[in-house]
Amino acid sequence: MDIQKTDWGQIEWLSFSNSTEQKPQGMNVGIVTIEAGGYNPPHLHYDEQMLYVLEGEAECKINGQEFHMEPGGVYFWPAGVIDEIRCVSNGPFRHLLASNPVNGQITDSGENEQKHGDEKPALVLSPEERVRLLYVAVEAMRTQFLESLQYACVIFDCEGHMAYKSKYFPTRCMQCCSPSVMFGASVCMIHAGGETSGHEKESFLCRHGMELFNTPIYFRGQFLGTVMGGFIWQSELHEKRVEGVYDRPHSHIVAIQSLMDRIAKSIRNFCEFYQFREQLTKQERMLNTQLLAQKTLEQDIRKAEYALIDLKINHHFLFNTLNSMAAMALKGGNAELYQSILNLSDLFRSSLQVQGEVVELEVEVRYLKSYLQLQGIRYRNMLEVEYDIDESLYSFTVPHNFMQPIVENAFVHGFTHDEHKKVFVGIYRMEADDRIKVVLGNSGAALSVQECRAILLGMQSGTSHGLSIIYQKLEHVYGDAFTFEIDSGVEHGTEMTITFPTMGGKEGGER
């Protein structure tokens, strides 16, 4: 029988394995004792728990809801809840605990594959390719999976750069390392960096006594990075007690390690899917003969023509309706409403008139200005727009509607509702190599270097990122002859800079 002493009581483990080679499958069972007047402080559950009260009485809170516990009571707590218990009887409060790590069936992060081989063919990837693969996986899983886990974890790529950091960290981490912990700059997060670290499962203590675990991520024999988790306190590793810090039982450690294995396994599975999709795409390109491509093109043209007819019918209806509303607004003396309707009509008119994939730069700028004028009516003196445009470039052709979605992204994700907003639009001629440079800036919340890198990689991968459509549009028109850079800082905000070669141009428009 293994007895674990904690700051708030003790646990007599009746069924538990401390083996690091093989985690226990199924439940861990023990008897928990909290002495009279003892207090088990608020803590997050990483495992499912079933409790049967043997002796004494206690007051309990589950996610803020209070109830009384007494002998004979049976309780079930799912993973993810926050609970606290205070013994209110004259004697000890004792209950039987059955703990189940909900993801205990996942115990392989790919480390065994790297050590013992795998039935799938091994890959040889450069560090750059491994970094890109991990970022694509993290971005694809971020919203639906990673951000739904209310646990403290950090993911590093094979070069030691932080690819993801959760928003949830224990109070002690925030007290000792904030704000560095929120920017990924705390010592424990720097610990995982480099090609030679994180290749094996390991645990270590940070300088403030919190225990952390590293789980490597392997894919077909390639080391992609590391999942860091834990951020827990165990009194048995320290000589003195720290007030207000929850002393974790062993069953929580098993659940945390199991969760980290699940994250690593999910990344590995996505990489398998992504690699398979890339192979299919490559094979599809090889199988597409000129005859098949021509036939597909003809079918797509017919479908597009039908869709365009329907779209124009709908747009003409909306356009006519807007004109009627504008006349009503003018007749009623509402000049501001009249101007906003005219701007919206300009947007519709542009979408009706543009039938090719490129337009003159003057048309694209006019389209963007109509949009910003609408935002100006919405935000009034809270929005400042600055233009610095070389109008001699107006006759050159550019992809239709490639600037407005980037600017709109700042209003959706960059600005807060009540702050002063500034948008900058700069278009310049690069005399040295006959190129055009477009700078779209905003004064919204600054992004970290890691966030800029993640956004750019997400755009390049085409995995559902909102701006990836813009990147694909530029790629379709210019091939690899364009550049797209993201820079952000507290002083100057966020800037997206695009450069591309000049195309088209009337007499007098070219150099």
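**Checking the labels**

Tutor: The lining of the largest cavity divides into 10 nonpolar, six polar and one charged residue. Here nonpolar is Ala, Val, Leu, Ile, Met, Phe, Trp, Tyr, Cys and Pro, charged is Asp, Glu, Lys and Arg, and the others, Gly among them, are polar. This is a predicted model, with pLDDT of at least 70 needed for local features and 80 or more for side-chain atom pairs, while totals for chains, interfaces and linings use all residues. Residues are numbered from 1 along each chain, and side-chain values use heavy atoms, without hydrogens and water.

Student: What makes glutamate 55 and arginine 94 a salt bridge?

Tutor: Their N to O distance is 3.6 Å, and the cut-off is a Lys or Arg side-chain nitrogen within 4 Å of an Asp or Glu carboxyl oxygen, so the pair qualifies. Glutamate 55 lies in strand E5 and arginine 94 in strand E10 (strands are DSSP E runs of at least two residues, numbered from the N terminus), so the bridge ties together parts 39 residues apart in sequence.

Student: Why is glutamate 139 called buried?

Tutor: Buried means under 20% relative accessible area, exposed over 50%, partly exposed in between (1.4 Å probe, protein chains only). Glutamate 139 has 18%, so it counts as buried. Glutamate 386, at 34%, is partly exposed.

Student: How do you know that cysteine 176 is in no disulfide?

Tutor: A disulfide needs two cysteine sulfur atoms within 2.5 Å. The nearest cysteine sulfur, that of cysteine 177, is 6.0 Å away, so cysteine 176 doesn't make the cut. The structure holds zero disulfides.

Definitions and conventions. Helices (H or I, at least four residues) and strands (E, at least two) are DSSP runs, numbered from the N terminus.
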